[in-house]
Amino acid sequence: MIPTTLSTENTPLVLQISPALEMTDEQFFALCQLNRDYRIERNAKGELIIIPPTGSETGNRNFKLSQQLANWTDEDGSGIGFDSSTGFKLPNGADRSPDAAWMTLETWNSIPQEQRIRFAPVCPDFVVEIRSPSDQLQSLQDKLQEYIDNGAKLGWLIDRKNRRVYIYRPQIEVESLENPTTVIGDPILPGFILQMNTIW
């Protein structure tokens with residue numbers, strides 16, 4: 001049974017279930033559908049990570065980010081975007097839900113229709129995570145690196161607490177921007193410029 005209160009700080013709860021319980025992809029998807037008030041992820045070791053709803057301010061910044069990405073996606077037309085409620089099955093076996101994501105239409109169209117209605121077995125081309133006040137920076141940095149290791153071409157970690165943006169790319173050292181006014185998505189997201197005034 002999932003606890004109704006995780007902690008006073010709204011920090012994620014990690015449950016080790018293996019080897020006592022082996023959960024199939026279908027069972028994990030069903031568990032997530034039964035507990036929609038939580039964002040549930042599963043790491044490559046099979047541990048469940050239960051993430052409580054974000055605070056109102058963080059939720060607003062997630063919305064503003066998704067709004068900008070969605071507007072660009074509609075104008076560009078070369079890909080499809082996803083919000084924070086979307087799960088993806090990564091090649092390493094982890095099930096992750098970035099705060100926002102995008103992939104090319106070519107990638108999306110290669111996924112069989114029956115797999116799209118669950119957690120698509122693919123890593124998005126672009127992922128974003130926004131750090132909430134209770135998030136540990138190192139855990140988010142590890143998650144961004146996991147996305148890159150599993151096929152993402154671009155990842156942004158937005159640390160609102162310290163007003164920094166970390167940019168992740170394959171085989172390139174992580175770039176850190178201090179208090180940027182904009183973040184540019186080229187060449188993966190050609191022409192996409194994230195305006196940070198609504199994110200900070």
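I looked up Glu129 first and found that, in this predicted model, Glu129 sits in strand 8, which covers residues 126-131. I then checked its exposure: with a relative accessible area of 2%, Glu129 falls under the 20% cut-off and is therefore buried. For its side chain I noted a polar contact with the side chain of Tyr147, at 3.1 Å. Setting aside neighbours within four places in sequence, I listed the residues in contact with Glu129, and these include Arg39, Asp99 and Lys143 as well as Leu140, Leu144, Tyr147 and Trp156.

Next I followed the strand pairing. Strand 8 pairs with strand 7 in the antiparallel sense over three bridges, and within this pairing I recorded Val127 of strand 8 as the bridge partner of Ala101. Strand 7 also runs antiparallel to strand 4 (residues 79-82), to which four bridges join it; here Thr104 of strand 7 is the bridge partner of Gly79. I asked myself why strand 7 is largely enclosed by the rest of the structure, and the reason I entered is that four of its five residues, in the run 100-104, are buried.

I then turned to the second largest pocket, for which I noted a volume of about 190 Å³. Two elements, helix 1 (25-34) and helix 4 (113-116), each give two or more residues to its lining, and the largest share, four residues, comes from helix 1. By class I entered six charged, four nonpolar and one polar residue for the lining of this pocket; among the lining residues are Asp25, Phe29, Lys89, Gln115 and Arg118.

Methods. Residues are numbered from 1 along each chain as its sequence is written. This is a predicted model: local features need pLDDT of at least 70, side-chain atom pairs count only at pLDDT 80 or more; totals for chains, interfaces and linings use all residues. Side-chain values use heavy atoms; hydrogens and water are left out. Buried means under 20% relative accessible area, exposed over 50%, partly exposed in between (1.4 Å probe, protein chains only). A polar contact is a pair of N or O atoms within 3.5 Å; within protein, one must be able to donate a hydrogen and the other to accept it, and residues adjacent in sequence count only if both atoms are side-chain atoms. Contact means heavy atoms within 4.5 Å. On a 1 Å grid over the protein atoms alone, a cavity is a set of points where a 1.4 Å probe fits but cannot get out, and a pocket is an open set with protein on both sides within 12 Å along at least five of seven lines; lining residues have an atom within 4 Å of a point. Grid points are joined across faces, edges and corners, and a volume is the space filled by probe spheres set on the points. Ala, Val, Leu, Ile, Met, Phe, Trp, Tyr, Cys and Pro count as nonpolar, Asp, Glu, Lys and Arg as charged, and the others, Gly among them, as polar. Two strands pair if DSSP finds at least two bridges between them.
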